[in-house]
Each structure stands twice: as structure tokens, then as C-alpha cells.
Amino acid sequence: MLVFSRPTLLREQHCVYLKKGLKNISGAYECLDASRPWLCYWILHSLELLDEPVSASICSDVCKFLARCQSPTGGFAGGPGQQAHLAPTYAAVSALCIIGTQEAYNVIDREKLLDFLFSVKQSDGSFVMHVGGEVDIRSAYCAVSVASLTNIITPKLFDQTPNWIVSCQNWEGGLGGVPGLEAHGGYTFCGTAAMVILRKEHMLNLKSLLRWVAYRQMRFEGGFQGRCNKLVDGCYSFWQAGLLPLLHLALFREVPIWTLRGTVVSGDRTLSTSSWMFEQQALQEYILLCCQNPDGGLLDKPGKSRDFYHTCYCLSGLSIAQHFKNGDVHHELILGKEENRLAPTNPVYNICPEKITQALVHFNQLPVPLQSEVATSVS
């Protein structure tokens, strides 16, 4: 007789792998020299999901390193002395908010960060990733995320940005990197999350978007694909599954008409009040059974190598699948042992909720910086 054990999260192995990465990484990561703030964010967020504390001295070291990545002209670069870029700016600000100390908050030069955001904003509301760089929807999300977390949004900063994001939604229902491109999970998450932060999500075709993302969960594997006719990939456990809470919130904001047997009915839509609109158990099974390296770290799919990126987004997706929260309602669905439980993550920012609240309380006490003449002339 075959006996199958319940799926187990290899918590201790993952923590060892992640903490080692905060101190030392192999030469194989040389290709990520321009993504070093991302390594800080991926590791710190993974550890907060695992409820694993990081020592004050290590947190201080991270703050000092990220300070060296901050450009004199505002924003953060992928490494010390490199060009300011929206992607590592998002990663650095997120990592500093996860640390959540006064030292961490003080690293961020909010006035110059606002100057940098205006320097990469385009007249149609889109953003380039860096001065002279490419436009895509990730840059809009990175800009909206850091500006909202640090309280530097001005009336002009995101004018026309929602209209540009809406133009990226195509006939499939998802969003492409720029108008006219194929719908993609990462881009769709970025565009939708930016619209939620700006409270403009109603401008999207939500029904079409829901239909597109619902079909991205693979029937056999239980994980998500990033695009139509592609293989399952562990990182889309967050990029796609994380979309469903955003859509749930967006649809719930349309005033409910009545509640019946645990569902909220609004117009022609019926929303559960206890679960997201995907198979949460199936996703947990895929992550726990197919994406864990026995020595720690998580991966794309069986046969692939572990890395910090997939560790972060597999764990983030696992957290989304375990926790349902809508207003004051909070339900948990934990596959396997109770020890498999992760801390909840906020699906808009992908940071644990208490760290977001702490950052907003801190930065909202500070005045919104004035737009400088330099930033105005560049934009």
C-alpha cells in the first residue's frame, strides 16, 4: 500500500538559503550586478513571509548599501555608481519599507525621488524606465508604487497615466507591455495594481480581464502560465494569482446589492465572501510539490534551478492562496500542516500589510515635496 505524506513547506531550508544570500552570493549572480536592490527585496520579502526575523545589524547593512545605490539626481540604481532606473527604485523603496526602521526611511531622498519620477515621465502619461530608456507598463507601476508609499504624489505626476494604462488592455482582456502587445501576466499585474492605487481600476474592462486571468491557471498542474499557450511557471503564482484579489477588490467597490449564502451579488457579478476566484488549493499543491528545492529556495518548475526571484514570487503566491481578506473578513486555507502557513502579503505592493501601514503612517506625516524647476523642465 502506498502512503503519501501531506505537502510540507521546507521552511528551515528556505530560511538558511535566503539568509546566506543576504551576506554572500556566488559568482553565478554576476549577471545581476545591475539588479542588486532586487536581491535585497526578494530576500527580505521572502523572509518576512516566512516570519523569519533579520538581525538589526544586517538590516542596517542593507540600508547602507541601498544608500550607496541612490543616485545624486534621485531614484535608485541597480548598483553603486550606476544610472538611476525605475525598477531598482521600486525594489529599493520596497526593501526599505520592509525593514521599516527610521534609518531605512531616512535613506529615501523624497524630493530628489520626485524629481527623478518627473524626469522619466512622458507627455502621454507613460514612464520610461530610465532617462533615454524604454517605455513599458512596469515603469508606470514602479512609479505609482514608490510615489504612493513615500507620499510624493502631486496633481501633475500621474495625469494621463490611467488613460495610457487602459490603452495597454487588448482584445484578450489582459494587458501588454505597451499598447498593441500580447497580454502578459507580469504586465497585467503591474497595470492593474497601478490602477488600484490610483483608484481608477473601473476604467479597465474588468469582466474581460477576469476572464483572461481565470484561464491562465493550468488545469493539470494547478499553477499559472504567463501567457496563452505557454508552460506553467512558479513566478506567476503571484503575478497571476495576485491579480485575483485586485479584481475582487475592484468588483467589490461597485456597491453590492445584496448578500446571499456567503456571496455578494452586484449587478451581473457574484463574488464569494470567503475565497478568491481561483483554485487556491491547487496552486498551493503546485508550489509545495513541484517548486521546492530540497536544499532550500524555490523554482520555476521541476528540473529548473532555484533562485531568489522565484523564491520570492512562489512564496508570495503561496501566501495569496492561503489568505482571503476583504475588509474585515479574513479566511485562511492552509494546505497540509499548520506549519505551512505564511504571513499574509498585500497584493498591491507585495509587502506584508503591517509594513505598508507603518510606512504610510511615517511618510504621510511629511509634506508632499514641491516639484522643482529642474524636474519641470526635463518632463
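The following exchange goes through a predicted model, residue by residue and helix by helix.

Colleague: What average pLDDT does the chain have?
Modeller: Since the model is predicted, confidence is the place to begin. At least 70 is the score of 92% of the residues, and the pLDDT averaged over the chain is 92.

Colleague: How many contacts beyond near neighbours in sequence does the stretch 373-379 have in the model?
Modeller: Two stretches deserve caution here. Residues 255-262 have a pLDDT below 50, and that stretch has 14 contacts beyond near neighbours in sequence. Over residues 373-379 the pLDDT is likewise below 50, and the number of such contacts in the model is seven.

Colleague: At roughly what angle do the axes of α9 and α12 cross?
Modeller: Two packed helices are described by the angle between their axes and the distance between the axes. For helix α9, residues 185-197, and helix α12, residues 243-252, the axes come within 10 Å. The crossing is left-handed, and its angle is roughly 35°.

Colleague: Which residues of α12 make the contact with α9?
Modeller: On the α9 side the contact is made by T188, F189, T192, A193 and V196. Taken over both helices, the contact residues divide into six nonpolar, two polar and no charged. The residues that α12 contributes are L243, L246 and L249.

Colleague: Is E201 buried or exposed?
Modeller: E201 is found in the loop between α9 and α10, the latter spanning 206-214. Leaving aside neighbours within four places in sequence, E201 is in contact with M195, V196, L206, A250 and R253. Its relative accessibility is 5%, and because the cut-off for burial is under 20%, E201 counts as buried.

Colleague: What is the relative accessible area of R199, a residue with a positive phi?
Modeller: Most residues other than glycine have a negative phi. In R199, which lies in the loop between α9 and α10, phi is positive, near 60°. R199 is exposed, and its relative accessible area is 54%.

Colleague: Where is N151, and is this residue buried or exposed?
Modeller: N151 is another residue other than glycine with a positive phi, near 60°. Its place is in the loop between α7, residues 137-150, and α8, residues 161-166. With a relative accessible area of 17%, and therefore under the 20% cut-off, N151 is buried.

Colleague: Which residue offers its backbone oxygen to the side chain of N170 at 3.0 Å?
Modeller: N170 is in the loop between α8 and α9, and it is buried, with a relative accessible area of 16%. Its side chain reaches the backbone nitrogen of E172 at 2.9 Å. Not counting residues up to four places away in sequence, N170 touches L181, E182 and A183, and the backbone oxygen that lies 3.0 Å from a polar atom of its side chain belongs to L181.

Colleague: Which backbone oxygen lies 3.0 Å from a polar atom of the side chain of K301?
Modeller: K301 is in the loop between α13, residues 280-290, and α14, residues 308-322, where it is buried, with a relative accessible area of 16%. Not counting residues up to four places away in sequence, K301 touches L231, V232, Y286 and C290. The backbone oxygen at 3.0 Å from its side chain is that of V232.

Colleague: What separates the C-alpha atoms of L9 and Q292?
Modeller: L9 is found in the segment before α1, residues 11-23, and at 6% relative accessibility L9 counts as buried. Its contacts, leaving aside neighbours within four places in sequence, include L50, L288, Q292, L315 and N340. L9 and Q292 are 283 residues apart along the chain, and the separation of their C-alpha atoms is 8.1 Å.

Colleague: How far apart in space are A95 and W42, C-alpha to C-alpha?
Modeller: A95 has its place in helix α4, residues 86-99, and it is buried, with a relative accessible area of 0%. Not counting residues up to four places away in sequence, A95 touches C40, Y41, L44 and L66. A95 and W42 are 53 residues apart in sequence, and from C-alpha to C-alpha the distance is 8.3 Å.

Methods:
Residues numbered from 1 in each chain as written. Predicted model: local features only at pLDDT ≥ 70, side-chain atom pairs only at ≥ 80, totals over all residues. Heavy atoms only, no water. Axes fitted to C-alpha atoms, helices over the stretch in contact; angles between N-to-C directions. Helix = DSSP H or I, 4+ residues; strand = E, 2+ residues; numbered from the N terminus. Left-handed = near helix turned anticlockwise from the far one by under 90°. Contact = heavy atoms within 4.5 Å. Nonpolar A, V, L, I, M, F, W, Y, C, P; charged D, E, K, R; others polar. Buried < 20%, exposed > 50% of the residue type's maximum accessible area, 1.4 Å probe, protein only. pLDDT = per-residue confidence, 0-100. Polar contact = N/O pair within 3.5 Å; in protein donor to acceptor, adjacent residues only side chain to side chain.
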